[in-house]
Amino acid sequence: MSAILLESVLFTVLIALVAAAVAVGLQEFTPLGLWLKQRRNRDRIDREVALTCGVHGPQRAHELVRLRDGSTMCPLCYQETVHGLIS
Ligand SMILES: [Zn+2]
């Protein structure tokens, strides 16, 4: 009985290792991998730009103010827009 369990575990590990090797091979040695890396770069840059205010610079995501239309705004710009300049 234990031999069957051990064989099942080893077979599962073998399948996981083959799947991991295929995934790494696709990502490192094919145009698909390059495309995925470039897409991740684009997403990262888009996230950074979305978190950067043109006036006040980079902001943290949890500090942004969500407007009624669903867009987000820098907290300092929101404060200045709604309550006027506060020095
Ligand atoms: Zn701002």
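Let's start at Phe-11, which sits in helix 1. This is a predicted model, and Phe-11 is a handy way into it, being one of the residues that make a nonpolar surface patch of about 770 Å². Elsewhere in the chain, a zinc ion is held by four donor atoms in a tetrahedral site.

**The nonpolar patch**
- Alongside Phe-11, the patch is made by Leu-14, Ile-15, Val-18, Val-22, Leu-26, Leu-32 and Trp-35.
- Two helices each supply at least two of these residues: helix 1, spanning 2–29, and helix 2, spanning 31–50.
- Helix 1 gives the largest share of the patch, with six residues.

**The zinc site**
- Cys-53, Cys-74 and Cys-77 coordinate the zinc ion through their SG atoms, and His-56 does so through ND1, at 2.1 to 2.5 Å.
- The angles among the four donor atoms run from 100 to 120°.
- For reference, the ideal angle for four tetrahedral donors is 109.5 degrees.
- Along the chain, the donors follow the spacing C-x2-H-x17-C-x2-C.

**Burial of two zinc donors**
- Cys-74 has a relative accessible area of 6%, so this residue is buried.
- Cys-77 also counts as buried, because its relative accessibility is 16% and the cut-off is under 20%.

**Domain layout**
- The domain assignment divides the protein chain into domain 1, covering 1–50, and domain 2, covering 55–87.
- Taken over C-alpha atoms, the centres of domain 1 and domain 2 are separated by 39 Å.

Terms used:
Residues numbered from 1 in each chain as written. Predicted model: local features only at pLDDT ≥ 70, side-chain atom pairs only at ≥ 80, totals over all residues. Heavy atoms only, no water. Domains from an automatic or database assignment. Patch = residues over 30% accessible without salt bridge, like charges linked within 9 Å, V, L, I, M, F, W, Y side chains within 5 Å. Areas by Shrake-Rupley, 256 points an atom, 1.4 Å probe, with all protein chains shown as cover. Salt bridge = Lys/Arg side-chain N within 4 Å of Asp/Glu carboxyl O. Helix = DSSP H or I, 4+ residues; strand = E, 2+ residues; numbered from the N terminus. Donors = N, O, S within 2.8 Å, 3.2 Å for Na, K, Ca; no water. Tetrahedral: all angles 85-135°; square planar, octahedral: opposite > 155°, others 65-115°. Buried < 20%, exposed > 50% of the residue type's maximum accessible area, 1.4 Å probe, protein only.
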